Amino acid sequence: MSEGPPRHRTVHTDEAPAPVAGAPYRQAVVATPGPTVFISGQVPVDPATGALVADDITAQTRRALQNLLAVLSAAGGAPRDLVKTTIFMTDLGEFPTVNEIYREVLGAEPPARATVQVAALPLGARIEIDGIAVLPPA
């Protein structure tokens with residue numbers, strides 16, 4: 001069985017946190033030959049300290065989005081290239097605040113999205129966001 005050329009490439013940036021606790025995932029994967037980027041879930045960890053930001057949904061949402069966009073940028077994309085995100089929250093009661101920050105960061109034409117309440121997230125985070133982006137042809 002021939003391996004052939006790679007069907008994806010890994011994206012890593014120090015502008016977003018490394019996988020939490022050595023978990024087996026990459027920050028993002030760019031599929032080839034199509035320019036699709038699958039961005040792993042980003043929790044609100046400050047990449048400079050490796051620690052969660054303040055225990056405040058506003059700060060945590062903003063940081064998770066900054067991390068997501070940092071990985072997307074490292075893959076060669078921009079916010080407008082996002083086509084789908086999934087938001088995982090530990091308390092859907094904070095949904096209006098998350099929506100406000102999400103709208104502020106991603107603008108008037110945000111990507112498709114799903115939001116799910118979960119029992120817990122890594123490191124005790126209150127939010128995690130993953131994404132899929134389609135980059136323009138090279």
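A residue counts as exposed here when its relative accessible area is over 50%, and as buried when that area is under 20%. With that cut-off in hand, here are some notes on this predicted model.

1. Glu100 and the cut-off. Glu100 sits in helix α2. Its relative accessibility is 51%, so Glu100 counts as exposed. Across from it in the fold is Thr58: the two C-alpha atoms are 8.9 Å apart, although 42 residues separate Glu100 and Thr58 along the chain.

2. The overall layout. The protein chain has two helices and eight strands. Following the sequence, you will meet them in the order β-β-β-β-β-α-β-α-β-β. Of its 138 residues, 39% count as buried. If we take contacts between residues at least 6 apart in sequence, 68% of them join residues at least 24 apart.

3. Helix α1, its length and its ends. The 18 residues of α1 should span 26 Å at 1.5 Å a residue, and the end C-alpha atoms agree with this because they are 26 Å apart. At the start of the helix, a side-chain oxygen of Asp56 comes within 3.1 Å of the backbone nitrogen of Thr58. Just after the helix, Gly76 has a positive phi of about 95 degrees.

4. What α1 buries. The buried residues of α1 are Ile57, Gln60, Thr61, Arg63, Ala64, Leu65, Asn67, Leu68, Leu69, Ala70, Val71 and Leu72. I would look at the polar and charged names in that list as well as the aliphatic ones; Gln60, Arg63 and Asn67 are among them.

5. Thr61 as a worked case. Where does Thr61 lie? It belongs to helix α1, which runs over residues 57-74. Thr61 has a relative accessible area of 0%, so it is buried. A polar atom of its side chain lies 2.7 Å from the backbone oxygen of Ile57. Setting aside residues up to four places away in sequence, Thr61 touches Val98, Ile101 and Ile127.

6. Helix α2. This helix covers residues 95-106, twelve in number, and its first and last C-alpha atoms are 16 Å apart, close to the 16 Å expected at 1.5 Å a residue. Its buried residues are Val98, Asn99, Ile101, Tyr102 and Leu106. The cover over them includes α1 together with the strands β6 (82-89), β7 (112-117) and β8 (127-134). Just after α2 comes Gly107, with a positive phi of about 80 degrees.

7. How the two helices meet. The axes of α1 and α2 come within 9 Å and cross at roughly 35 degrees. The crossing of α1 past α2 is right-handed. On the α1 side the contact is made by Ile57, Thr58, Thr61, Arg62, Leu65 and Leu69, and on the α2 side by Thr97, Val98, Ile101, Tyr102, Glu104, Val105 and Leu106. By type, the residues of this contact are eight nonpolar, three polar and two charged.

8. Glu94, ahead of α2. Glu94 is placed in the loop between β6 and α2. Is Glu94 buried or exposed? With a relative accessible area of 12%, Glu94 is buried. Apart from residues up to four places away in sequence, Glu94 touches Ile57, Met89 and Arg126. Ile57 also takes part in the contact of α1 with α2.

9. Gln42, at strand β3. Gln42 lies in β3, residues 36-42. A relative accessible area of 2% is why Gln42 counts as buried. Its side chain reaches the backbone oxygen of Ser40 at 3.1 Å. Beyond its neighbours within four places in sequence, Gln42 is in contact with Ala16, Pro17, Gln27, Ala64, Asn67, Leu68, Val71, Ile127, Glu128 and Ile129. Of these, Leu68 has its C-alpha 5.9 Å from that of Gln42, with the two positions 26 residues apart along the chain.

10. A backbone angle to check by eye. Most residues other than glycine have a negative phi. Leu123, however, has a positive phi near 65 degrees. Leu123 is found in the loop between β7 and β8. Its relative accessible area is 48%, so Leu123 counts as partly exposed.

Key: Residues numbered from 1 in each chain as written. Predicted model: local features only at pLDDT ≥ 70, side-chain atom pairs only at ≥ 80, totals over all residues. Heavy atoms only, no water. Helix = DSSP H or I, 4+ residues; strand = E, 2+ residues; numbered from the N terminus. Buried < 20%, exposed > 50% of the residue type's maximum accessible area, 1.4 Å probe, protein only. Polar contact = N/O pair within 3.5 Å; in protein donor to acceptor, adjacent residues only side chain to side chain. Contact = heavy atoms within 4.5 Å. Expected span 1.5 Å × (residues − 1). Axes fitted to C-alpha atoms, helices over the stretch in contact; angles between N-to-C directions. Left-handed = near helix turned anticlockwise from the far one by under 90°. Nonpolar A, V, L, I, M, F, W, Y, C, P; charged D, E, K, R; others polar.
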